[in-house]
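The following exercises concern the packing of secondary-structure elements and the surroundings of a ligand. Each task is followed by a worked solution.

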Amino acid sequence: MTAATLITVAPTGAEADKSRTPALPVTLDELVATAIACQAAGAAVIHVHIRDDKARPTLDLPRLKDTVAALRARTSLIVQLSTGGAVTDPFEDRLNVLEASPDACSLTCGKVNFGDDVFMNPWGFITDLYQATQEKGIAPEFELFDLGHISTLHRLLATYGPPHGGRIHCDLVMGVPGGFDGDLRTIATAVQSLPDGATWSATGIGRTSVPVLLAALSAGGHLRVGMEDTLTFAKGRPVRDNAELVTRAASAATLAQRPPMTTAAARAFLGIDS
Ligand code: KMH
Ligand code: ZN
């Protein structure tokens, strides 16, 4: 079991509505302020989705480049850009995200029902994206929403070899209607199916957030939290800001005798240059 806990914050996502969630960081200034607060609270990685001037999700490349630069200038967080985007984003735009040269990116290993929508990730897109990460020296994080995604991950590694950085790091996204349930039994099943040597974090969507956090810590996993995944801190109590979710995760990790990893330790862990 790793002696420290890698905490990723996913502060914005592509789904939450700013008009109903004023604390959601959607401007660059809001995102940078959030990043600074979350690093101070114990995060080492930031999973980034950006919004346009009307707070709609976008994959606009100049904006992504500005975002990467601003986060690097003001924090030492590992900048992980989302290549998942929103369910409506074309594959071409999602591939193009890598042109913003982040440290890391998400790479979802299969399609999944996503509420009333479908989040599309066909094999050809996965392989194009994976090979581009290898060519550009970007560390992928394998996003797993369902058990079949783990089969695809095995196939991907067997076909194209190890990821940039050498670390096979996965994120179990649990509690999406149509994907993994967010419970201990499902975590145990998923984890025993991962490739040898892989490390993993877990995040629980909505009400599965706290159960998944506690189960992941108990099972030796790492953590992802943030307003992309939950807007409720406790029943009837909206999240105040992303930093309070990171603070809670850091406290639980410390209680579990696996305190938050520093950003420098996280870079070494994931094989990302400083
Ligand atoms: N917004 C979801 C459709 C990722 O960032 O890579 C996809 C998602 C996964 O959030
Ligand atoms: Zn995301």
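**Exercise 1.** State which strands helix 2 lies across and how helix 2 is directed relative to strand 5.

*Solution.* In this predicted model, helix 2 spans residues 61-74. The strands beneath this helix are strand 2 (45-48) and strand 5 (78-81). Relative to strand 5, helix 2 runs at about 160°.

**Exercise 2.** Determine which strands helix 6 lies across, and describe how strand 10 is joined to strand 11.

*Solution.* Helix 6, residues 184-193, lies across strand 9 (139-144), strand 10 and strand 11. The helix runs at about 150° to strand 10. Strand 10 (residues 169-174) and strand 11 (residues 199-204) run parallel and are joined by six bridges. Within this pairing, Met174 is placed opposite Gly204 of strand 11.

**Exercise 3.** Give the order in which the strands close into a barrel, and the twist between successive strands.

*Solution.* The barrel is closed by eight strands, in the order 1-2-5-6-9-10-11-12, with parallel pairing. From one strand to the next, the twist averages 30°.

**Exercise 4.** Classify the packing of helix 1 and helix 8, and identify the residues that make the contact.

*Solution.* First, take the geometry: helix 1 (residues 28-41) and helix 8 (residues 242-255) pack at an angle of about 15°, and their axes are 8 Å apart. Angles under 35 degrees count as roughly parallel, so helix 1 is roughly parallel to helix 8. The crossing of these two helices is right-handed. Next, list the contact: helix 1 contributes Thr34, Ala37, Cys38 and Ala41, while helix 8 contributes Asn242, Ala243, Val246, Thr247 and Ala250. Finally, sort by class: six residues in this contact of helix 1 with helix 8 are nonpolar, three are polar and none is charged.

**Exercise 5.** Apply the same procedure to helix 4 and helix 5.

*Solution.* The axes of helix 4 (residues 123-136) and helix 5 (residues 147-160) come within 11 Å and cross at roughly 50°. Helix 4 is therefore oblique to helix 5. Helix 4 passes helix 5 in a right-handed crossing. Ile126, Thr127, Tyr130 and Gln131 of helix 4 meet Thr152, Leu156 and Tyr160 of helix 5. By class, this contact of helix 4 with helix 5 has four nonpolar, three polar and no charged residues.

**Exercise 6.** Describe the residues around ligand 1 and divide them by class.

*Solution.* The residues around ligand 1 include Gly13, Ala14, Ser82, Thr83, Phe114, Phe119 and Glu143. The shell divides into five nonpolar, six polar and one charged.

Notes
Residues are numbered from 1 along each chain as its sequence is written. Chains are lettered from A and ligands numbered from 1 in the order in which they are written. This is a predicted model: local features need pLDDT of at least 70, side-chain atom pairs count only at pLDDT 80 or more; totals for chains, interfaces and linings use all residues. Axes are lines fitted to C-alpha atoms, for helices over the stretch in contact, and angles run from 0 to 180 degrees between N-to-C directions. Helices (H or I, at least four residues) and strands (E, at least two) are DSSP runs, numbered from the N terminus. Angles under 35 degrees count as roughly parallel, over 145 as roughly antiparallel, 65 to 115 as roughly perpendicular and the rest as oblique. A crossing is left-handed if the near helix is turned anticlockwise from the far one by less than a right angle, and right-handed if clockwise. Two residues are in contact if their C-beta atoms, placed from the backbone, lie within 7 Å. Ala, Val, Leu, Ile, Met, Phe, Trp, Tyr, Cys and Pro count as nonpolar, Asp, Glu, Lys and Arg as charged, and the others, Gly among them, as polar. Two strands pair if DSSP finds at least two bridges between them. A residue is near a molecule or strand if its C-beta atom, placed from the backbone, lies within 6 Å of it.
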